[in-house]
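Here are some exercises to work through at your own pace. Have a look at the sequence and the model, try each task, and then compare your steps with the solution.

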Amino acid sequence: RLIVIAEGKLDSKRRIVKLLKRDAQLLEATELKEQELRAHFTEEIKSLGLAIDSQAFDQLLIKSGFDFSEIQKNLEFLKTYKGASSITISDIEEAIPKTLQDNLFDLIQMILKKEIDSARSLVKDLRLQGEDEIKLLAILLSQFRIYTQVKLLKQEGRTESQIVSDLSELTGRKVNPYQVKFALRDSRGISLAYLEQAICLLIDTDFQMKSGTYEKDYLFDLAVLKLANPSV
């Protein structure tokens, strides 16, 4: 038996593809849509003997990045954590550890709300966990960039699905639809002028870190303060 694994869409005009479609058994593995994901794991939760309210279910999906394997892993962990019981949103927060992306998202929210003490405390915790400032800066820059991109495309009248397609073509990789969905939601109250200033600041800070102008921790803390107190 010969197994052929082909990524992407097959060109039906090619002779080899026509032969494969005629003679082979075709199994298509596509990413589940949100409704399909919800339907599957609603049944999975029942089969595990668990109960979960809608808010907790939404938080489980978000904390798992809408990733099938991550949701499966976190459900099994919750089963061990709670046994045959109801899962609440507090169980999700307590049992499923925050990812670095979660922490950086929290940091951005603290910066936007000018919660400097909370932001500095979180940065301190991330340093104690061994996270490097250049890596943290890169993730912040990536998040501010996608905020800018989705806002610009939204202004051009592009729909959510069109924005996903546009960004996938622009970056040369498939962009996660949920990343766009949350970026559209979270960037509503942020002006393009602020985002432009933030991106320039982060790029300049990255250059200074890599050129050894000052210590990385000092430069990162300074960037956080400037982001929380913009000139626009």
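The exercises below go from the overall fold to single side-chain pairs, and the model they use is a predicted one.

**Exercise 1. Overall shape**

Task: Work out how the radius of gyration of the protein compares with that of a compact globule of 232 residues.

Solution:
- Start with the elements: the protein has 12 helices and two strands, in the order α-α-β-α-α-β-α-α-α-α-α-α-α-α from the N terminus.
- Next take the globule rule, which gives a value near 17 Å for 232 residues, whereas the protein has 22 Å.
- Add the box: along the principal axes, the C-alpha atoms fill roughly 65 × 50 × 35 Å.
- Finish with burial and contacts. Of the 232 residues, 36% count as buried, and among contacts with a separation of 6 or more, 67% join residues 24 or more positions apart.

**Exercise 2. A helix and its cover**

Task: Check the span of helix α11 (residues 192-211), then find what covers its buried residues.

Solution:
- Count the residues: there are 20 in α11, so at 1.5 Å a residue the helix should span 28 Å.
- Compare with the model: the end C-alpha atoms are 29 Å apart, which agrees.
- List the buried positions, among them Tyr-194, Leu-195, Ala-198, Ile-199, Leu-201 and Leu-202.
- Recall a rule: an α-helix has 3.6 residues a turn, so residues three or four places apart point the same way.
- Look for the cover, which includes α6 (100-112), α8 (133-155) and α12 (216-228).
- Step past the end of the helix: Gly-212 follows α11, and its phi is positive, near 75 degrees.

**Exercise 3. Two nonpolar cores**

Task: Which residues touch the most other members of the largest nonpolar core, and which element gives this core its largest share?

Solution:
- The core has 41 residues, and Leu-107, Phe-144 and Phe-220 touch the most other members.
- Two or more residues each come from α6, α7 (116-128), α8, α9 (160-171), α10 (177-186), α11 and α12.
- The largest share is that of α8, with 10 residues.
- Zoom in on Leu-107: leaving aside residues up to four places away in sequence, Leu-107 touches Ala-119, Leu-122, Val-123, Leu-140 and Phe-220.
- Now move to the second, separate core, which has 18 residues, including Leu-37, Leu-60, Leu-78 and Ala-95.

**Exercise 4. Salt bridges**

Task: The structure holds 15 salt bridges. Decide whether Lys-63 and Asp-102 are buried or exposed, and do likewise for Lys-216 and Asp-132.

Solution:
- Begin with Lys-63 and Asp-102, whose closest N and O atoms are 3.9 Å apart. The cut-off for a salt bridge is 4 Å, so this pair qualifies.
- Place the partners: Lys-63 is in helix α3 (residues 54-63) and Asp-102 in helix α6, so the bridge ties together parts 39 residues apart in sequence.
- Both Lys-63 and Asp-102 are buried.
- Turn to Lys-216 and Asp-132, whose side chains meet at 2.5 Å, N to O.
- Lys-216 belongs to helix α12 and Asp-132 to the loop between α7 and α8, so this pair ties together parts 84 residues apart in sequence.
- Check accessibility: Lys-216, at 28%, is partly exposed, and Asp-132, at 29%, is partly exposed too.
- Close with a network: salt bridges with shared partners join Glu-34, Arg-38, Asp-58 and Lys-181.

Technical notes: Residues numbered from 1 in each chain as written. Predicted model: local features only at pLDDT ≥ 70, side-chain atom pairs only at ≥ 80, totals over all residues. Heavy atoms only, no water. Helix = DSSP H or I, 4+ residues; strand = E, 2+ residues; numbered from the N terminus. Expected span 1.5 Å × (residues − 1). Buried < 20%, exposed > 50% of the residue type's maximum accessible area, 1.4 Å probe, protein only. Contact = heavy atoms within 4.5 Å. Core = buried A, V, L, I, M, F, W, Y, C linked by side-chain atoms within 4.5 Å. Rg over C-alpha atoms; globule rule 2.2 N^0.38 Å.
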